[in-house]
Amino acid sequence: MQGLDIYGLFLIMLILFLISSLLRTILERKRTRKEEYETKTLLKCPQCNYTEERKFQIGDYVLKPEKQCPKCGTTMRIHRIYAVKIVPQK
Ligand SMILES: [Zn+2]
């Protein structure tokens with residue numbers, strides 16, 4: 001190929017570099033997608049400090065009154081909302 005000059009070669013190298021960096025970005029994104037997080041809600045009874053953990057539900061917010069405490073019947077409130085890393089099961 002006589003018509004391929006140095007600029008054409010440079011352009012091909014540049015395209016190859018862009019493709020390889022793009023592939024690397026996609027692979028890294030796939031790897032990070034494996035690390036999934038789950039949002040949990042911690043309920044706490046203000047009377048006896050009984051705590052209960054459950055999955056986060058839409059509409060949850062801190063201090064929101066929830067169900068009654070199974071120990072003393074006081075209305076439990078959302079104490080904390082946090083995310084935990086899901087460990088992939090083998
Ligand atoms: Zn209680």
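This passage describes the fold of a single chain, from its overall outline to its strands and loops.

The structure considered here is a predicted model. Confidence is summarised by a mean pLDDT of 90 for the chain, with 90% of the residues reaching 70 or more. When the elements of the chain are ranked by mean pLDDT, β2 has the highest value, 96, and α1 the lowest, 89. As a general caution, predicted coordinates should not be read in detail where pLDDT is low.

A good place to begin is the overall outline. The chain has 1 helix and 4 strands, and from the N terminus on these elements follow the order α-β-β-β-β. The helix, α1, covers residues 6–34. The domain assignment divides the chain into domain 1, residues 1–34, and domain 2, residues 37–85. Helix α1 (6–34) thus falls within the bounds of domain 1, while strand β1 (37–44) and strand β4 (75–85) fall within those of domain 2. Taken over C-alpha atoms, the centres of the two domains are 50 Å apart.

The dimensions of the chain fit well with this picture. Its C-alpha trace spans about 90 × 30 × 15 Å along the principal axes. The radius of gyration of the chain is 27 Å, whereas a compact globule of 90 residues would have one near 12 Å. Burial can be considered alongside these values: buried residues account for 6% of the 90 residues in the chain. As for contacts, of those that join residues at least 6 apart in sequence, 48% link residues at least 24 apart.

Attention can now turn to the strands. The 4 strands make up an open sheet with antiparallel pairing, and their order across the sheet is β2-β1-β4-β3. At the edges stand β2 (51–55) and β3, each of which pairs on one side only. From one strand to the next, the twist averages 40 degrees.

Within this sheet, β1 (residues 37–44) and β4 (residues 75–85) run antiparallel and are joined by 8 bridges. Tyr37 is found opposite Lys85 of β4. Just before β1 comes Glu36, in the loop that leads there from α1. Although Glu36 and Lys85 are 49 residues apart along the chain, their C-alpha atoms are separated by 6.0 Å. Glu36 nevertheless counts as exposed, because it has 12 C-beta neighbours inside 10 Å.

On the other side of β4, the pairing with β3 (residues 65–68) is also antiparallel and comprises 2 bridges. Here Gln68 has Thr75 in β4 as its bridge partner. Strands β3 and β4 form a hairpin with 6 residues between them, where Gly73 adopts a positive phi near 85 degrees.

Two further residues with positive phi deserve a look, neither of them a glycine. Asn49 belongs to the loop between β1 and β2, and its phi is near 65 degrees. This residue is classed as exposed because 10 other C-beta atoms lie within 10 Å, and the exposed class takes in residues with 12 or fewer. Leu63 is located in the loop between β2 and β3, with a phi of about 80 degrees. With 7 other C-beta atoms within 10 Å, Leu63 is therefore exposed as well.

Technical notes. Residues are numbered from 1 along each chain as its sequence is written. This is a predicted model: local features need pLDDT of at least 70, side-chain atom pairs count only at pLDDT 80 or more; totals for chains, interfaces and linings use all residues. Domain bounds come from an automatic or database domain assignment. Two strands pair if DSSP finds at least two bridges between them. The radius of gyration is taken over C-alpha atoms; the globule rule is 2.2 Å times the number of residues to the power 0.38. A residue is buried if 20 or more other C-beta atoms lie within 10 Å of its own, exposed if 12 or fewer, and partly exposed in between; C-beta atoms are placed from the backbone. Two residues are in contact if their C-beta atoms, placed from the backbone, lie within 7 Å. Axes are lines fitted to C-alpha atoms, for helices over the stretch in contact, and angles run from 0 to 180 degrees between N-to-C directions. pLDDT is the predictor's confidence in each residue, from 0 to 100.
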